[in-house]
Amino acid sequence: MTRRALPWLALICLLPACGGGARAGQTDSTAAAPPVNLAAEEATIRRIDSLWVDAISRRDTAVITATYEQDALFLPPNAPRVAGRDAIRQAWAGLLATPGFRLTFTPDRIVLSPDGQMAYDVGVYQMQSRTGQVTRTDQGKYLVVWRKLAGQWKVAADMVSSDK
């Protein structure tokens, strides 16, 4: 090796230490992600829950269905599993067509993953329907699994369990 090549070799060896090793346009995968405001994310899910209950009271299947991700699961009590947004729309349309159908639910607890990309929501529900002159009531609990997709919270799985 010539004496003229030594300074260039030294410079090449030192470049990664000076520049952090990343090329222009690349991000450092070890850089910390910005902190997630979990309280704000929980408030968002609570707001979506409230809009969902409102959509049920208005019998708005479009809004109800939009709450679910495309390949979501709906696990209603005493009924088969429902998979996919189209099938979930049909299941909700059937529920909403039930005479005297009313449903409300309230989250008791919402737990988010540390990265703010998944959550689960546990709560209670009250349901009412009518057959002829007989009003039927039910109450129970539910578990909803949420995923944040393209910046929006969507239901991945919705399971309902009657207390009766």
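This is a short dialogue on reading the fold of a predicted model.

Colleague: What should I know about the numbering and the model before I start?

Modeller: Residues are numbered from 1 along each chain as its sequence is written, and side-chain values use heavy atoms, with hydrogens and water left out. The model is predicted: local features need pLDDT of at least 70, side-chain atom pairs count only at pLDDT 80 or more, and totals for chains, interfaces and linings use all residues.

Colleague: How many helices and strands does the chain have?

Modeller: Helices (H or I, at least four residues) and strands (E, at least two) are DSSP runs, numbered from the N terminus. Here the chain has four helices and six strands, in the sequence α-α-α-β-β-α-β-β-β-β from the N terminus.

Colleague: In what order do the strands form the sheet?

Modeller: Strands of a sheet pair through backbone hydrogen bonds, either parallel or antiparallel. Two strands pair if DSSP finds at least two bridges between them. In this chain the six strands make an open sheet, ordered 2-1-6-5-4-3, with mixed pairing. Strand 2 (82-83) and strand 3 (102-112) are the edge strands, each pairing on one side only. Strand 3 runs antiparallel to strand 4 (residues 118-131), and ten bridges join them. For Pro107, the bridge partner in strand 4 is Gly123.

Colleague: Which strands does helix 2 touch?

Modeller: Contact means heavy atoms within 4.5 Å. Helix 2 (residues 38-57) packs on the sheet and touches strand 1 (68-75), strand 3, strand 4, strand 5 (134-149) and strand 6 (152-162).

Colleague: How much of the chain is buried?

Modeller: Buried means under 20% relative accessible area (1.4 Å probe, protein chains only). Of the 164 residues, 28% count as buried.

Notes:
Buried means under 20% relative accessible area, exposed over 50%, partly exposed in between (1.4 Å probe, protein chains only). Axes are lines fitted to C-alpha atoms, for helices over the stretch in contact, and angles run from 0 to 180 degrees between N-to-C directions.
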